[in-house]
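User: I would like to go through the terms used for this model and see how each label follows from its cut-offs.

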Amino acid sequence: YLKASYNPEDAFAAFDTAYRVYWMSLYPKLISVSAAVPWDLVRELDRADRLFWSDPSACASALRRAVEVFLDLQAVPRRRPTKNGETVLSLEQRIDQFVTAQETKSADQADEYEELLRAAKAIGNTATHMSVEVSPGDLKLVVRFLQRVLDVRYGEPNAVRTAARQILQGQPPSPRAKRKTGKAGPPTSKSSSSASKTFRHG
């Protein structure tokens, strides 16, 4: 397609040819996975690899599904029994169940899982439920979050956790955070101006 640029001093527009990738036979991997990562999760990540180049919003949705599959593999149920049968758990509720179970092993690791998974979910929800275009930069953040999750589970407090906290700045606190503090309120982490976007939770 043609990409136009206009120089007001010359009073005319210049056109350059720009290219967009729609299909490849082999796709660069977004996330490095070890042999220990189960196939069901690898398959979802492979789908995201293909979509990154042609449909960023669909790629974000695929990465969100990867979070769901990750929780499946940790034996976190998708449904909860009720008096009248069963109810479907939201992804937020499933993440809460998982990190609450992790707390008995390591509180710091539970915090890390919570921040990374909720931040990945927030960007995925934006693509899935809202008419907001997801940028390649947003996708690269999700990739970093999920890469760290896989490294921890299947194998730097680090810059990846800092980025996750920036995504969560101003978002409603998680159910677990409310239980820990005894009150509702925005997270206290400071964020830089680079994380000013609003992402959807729930």
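Analyst: Buried means under 20% relative accessible area, exposed means over 50%, and partly exposed lies in between (1.4 Å probe, protein chains only). The model is predicted, so local features need pLDDT of at least 70 and side-chain atom pairs count only at pLDDT 80 or more, while totals for chains, interfaces and linings use all residues. Residues are numbered from 1 along each chain as its sequence is written, and side-chain values use heavy atoms, with hydrogens and water left out.

User: Why is Trp 53 called partly exposed?

Analyst: Its relative accessibility is 31%, which falls between the limits of 20% and 50%, so Trp 53 is partly exposed.

User: What makes Phe 52 count as buried?

Analyst: Phe 52 has 13% relative accessibility. That is under 20%, so Phe 52 is buried.

User: How do you know that Phe 52 and Trp 53 form an aromatic pair, and what makes the pair edge-to-face?

Analyst: Rings of Phe, Tyr and Trp (its six-membered ring) pair if their centres lie within 6.5 Å; planes under 30 degrees apart count as stacked, over 60 as edge-to-face and the rest as tilted. The centres of Phe 52 and Trp 53 are 5.2 Å apart with 80° between the planes, so both conditions are met.

User: Why is the pair of Phe 98 and Tyr 113 called edge-to-face?

Analyst: The ring centres of Phe 98 and Tyr 113 are 4.9 Å apart and the planes stand at 70°, so the pair is edge-to-face. This pair links distant parts of the chain, with Phe 98 in helix 3 and Tyr 113 in helix 4, 15 residues apart. Helices (H or I, at least four residues) and strands (E, at least two) are DSSP runs, numbered from the N terminus.

User: Are Phe 98 and Tyr 113 buried or exposed?

Analyst: Phe 98 has a relative accessible area of 3% and is buried. Tyr 113 also counts as buried, at 3% relative accessibility. Phe 98 and Tyr 113 belong to one aromatic cluster with Phe 70 and Tyr 154.

User: What makes Arg 153 sit over the ring of Tyr 154?

Analyst: A charge sits over a ring if NZ of Lys or CZ of Arg is within 6 Å of the ring centre and within 35 degrees of the ring normal. The charged end of Arg 153 is 4.9 Å from the centre of the Tyr 154 ring, so the distance condition is met.

User: Which residues does Leu 41 touch?

Analyst: With contact meaning heavy atoms within 4.5 Å, Leu 41 touches Ala 66, Val 69, Phe 70, Leu 73, Leu 150 and Tyr 154, not counting residues up to four places away in sequence.
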